[in-house]
Amino acid sequence: MTLRLRQLGDPILTQVAEPVTEFGTPALQNLIEEMLATLKEAQGVGLAAPQVGSPLQVIIVASRPNPRYPDAPQMEPLVMLNPRPLALSDEQVLGWEGCLSVPNCRGLVARAREVEVEYYTPEGVRQRVTWQDFPARVFQHEYDHLLGRLFLDRQPQQLLTEAEYQAQIHSLAGGTEEQQLPP
Ligand code: K3U
Ligand code: ZN
């Protein structure tokens, strides 16, 4: 079953999410399966539980190559519980983001180029991963949802409608590469 995507203005998108305390429960497994189905149907590259109405610290990162990020890695969707950034690079890059909770809008947002993250699997096993570029951006975007923040709160340097983004995609700032910011 897919879940209704909460959109800009829904109070759950401004609330800080709660840690998962019981791993491997049927309710948690059901939430994860429904989030995976919702992400697949929406053809997104990430999803956070508050976007489907759950207050829990659950995110999915599912990078794949796309017109704007042709070199992005192709990943199986990675389900991350109670994720926590351990380190963010000082180096920041500008990149274009969309959000399933902010339809028809794209923003040029500065994010750390690299992140090191600790998280738990659905079975409660602690893991670490380090990402650069697109998956690092998707992670930071999804983690922001757990803090009750949207990319609009990150002072985008430019905002476009989806139609303008598609019309301008080949001439936008940074070309197909992310644009590095001065330190
Ligand atoms: O922007 C989107 C996209 C889809 C496929 C390839 C490239 C971009 C769709 S919006 C999206 O996937 C968000 C998901 C959200 F809103 F639920 F968190 C994730 C995201 C997209 C682009 C940059 C950062 C995060
Ligand atoms: Zn989003």
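Guide: A polar contact is a pair of N or O atoms within 3.5 Å. With that in mind we can read this predicted model, beginning at ligand 1, where a polar side-chain atom of R106 lies 3.2 Å from an oxygen atom of the ligand.

Visitor: Which polar backbone atom lies 2.8 Å from an oxygen atom of ligand 1?

Guide: That atom belongs to V45, whose backbone supplies the polar partner at 2.8 Å from a ligand oxygen. V45 also belongs to a wider group, for there are 17 residues around ligand 1, and those that come nearest are V45, G46, Q51, L100 and E142. On its own ligand 1 has 530 Å² of accessible area, and the protein covers 92% of it.

Visitor: E142 was in that list; is E142 buried or exposed?

Guide: The cut-off to keep in mind is that buried means under 20% relative accessible area, with only the protein chains counted. E142, which is part of helix α2 (residues 133-146), has a relative accessibility of 4% and therefore counts as buried. The C-alpha atom of E142 is 9.2 Å from that of V58, although 84 residues separate the two in sequence.

Visitor: How should I read a pair of aromatic rings, and how many aromatic pairs are there here?

Guide: Two quantities describe a pair of aromatic rings, namely the distance of the centres and the angle of the planes. In this structure the count comes to five aromatic pairs. For W96 and Y165 the ring centres are 5.6 Å apart and the planes stand at 55°, so this pair is tilted. The pair links distant parts of the chain, since W96 sits in strand β4 (residues 92-97) and Y165 in helix α3 (residues 162-168), 69 residues apart. Both W96 and Y165 are buried. Elsewhere, ring pairs join W131, F139 and Y143 into a cluster.

Visitor: What else can be said of strand β4, for instance about L94?

Guide: L94 is another residue of strand β4, and its relative accessibility of 3% is why it counts as buried. Separation along the chain and separation in space are two readings to take together: L94 and V117 are 23 residues apart along the chain, while their C-alpha atoms are separated by 20 Å.

Visitor: In which sense do strands β6 and β7 pair?

Guide: Strand β6 (residues 114-120) and strand β7 (residues 126-132) pair in the antiparallel sense, over seven bridges. One can follow an individual bridge as well, with Y119 having Q127 in β7 as its partner. Five residues lie between the strands of this hairpin, and in it G124 takes a positive phi near 95°.

Visitor: Where is D10 placed, and what does its side chain reach?

Guide: D10 is in the segment before α1 (26-42), and its side chain reaches the backbone nitrogen of I12 at 3.0 Å. With 17% relative accessibility D10 counts as buried, because this value falls under the 20% cut-off.

Visitor: How many helices and strands does the whole chain have?

Guide: The chain has three helices and nine strands, and along the sequence they follow the pattern α-β-β-β-β-β-β-β-α-β-α-β. Its radius of gyration is 16 Å, close to the 16 Å that the globule rule gives for 183 residues, so the chain is as compact as a globular protein of that length. Taken along the principal axes, the C-alpha atoms fill a box of roughly 50 × 30 × 30 Å, and of the 183 residues 43% count as buried.

Key:
Residues are numbered from 1 along each chain as its sequence is written. Chains are lettered from A and ligands numbered from 1 in the order in which they are written. This is a predicted model: local features need pLDDT of at least 70, side-chain atom pairs count only at pLDDT 80 or more; totals for chains, interfaces and linings use all residues. Side-chain values use heavy atoms; hydrogens and water are left out. Two strands pair if DSSP finds at least two bridges between them. Helices (H or I, at least four residues) and strands (E, at least two) are DSSP runs, numbered from the N terminus. Rings of Phe, Tyr and Trp (its six-membered ring) pair if their centres lie within 6.5 Å; planes under 30 degrees apart count as stacked, over 60 as edge-to-face and the rest as tilted. Buried means under 20% relative accessible area, exposed over 50%, partly exposed in between (1.4 Å probe, protein chains only). A polar contact is a pair of N or O atoms within 3.5 Å; within protein, one must be able to donate a hydrogen and the other to accept it, and residues adjacent in sequence count only if both atoms are side-chain atoms. A residue is near a molecule or strand if one of its heavy atoms lies within 4 Å of it. Accessible areas come from the Shrake-Rupley method with a 1.4 Å probe; for residues, only the protein chains shown count as cover. The radius of gyration is taken over C-alpha atoms; the globule rule is 2.2 Å times the number of residues to the power 0.38.
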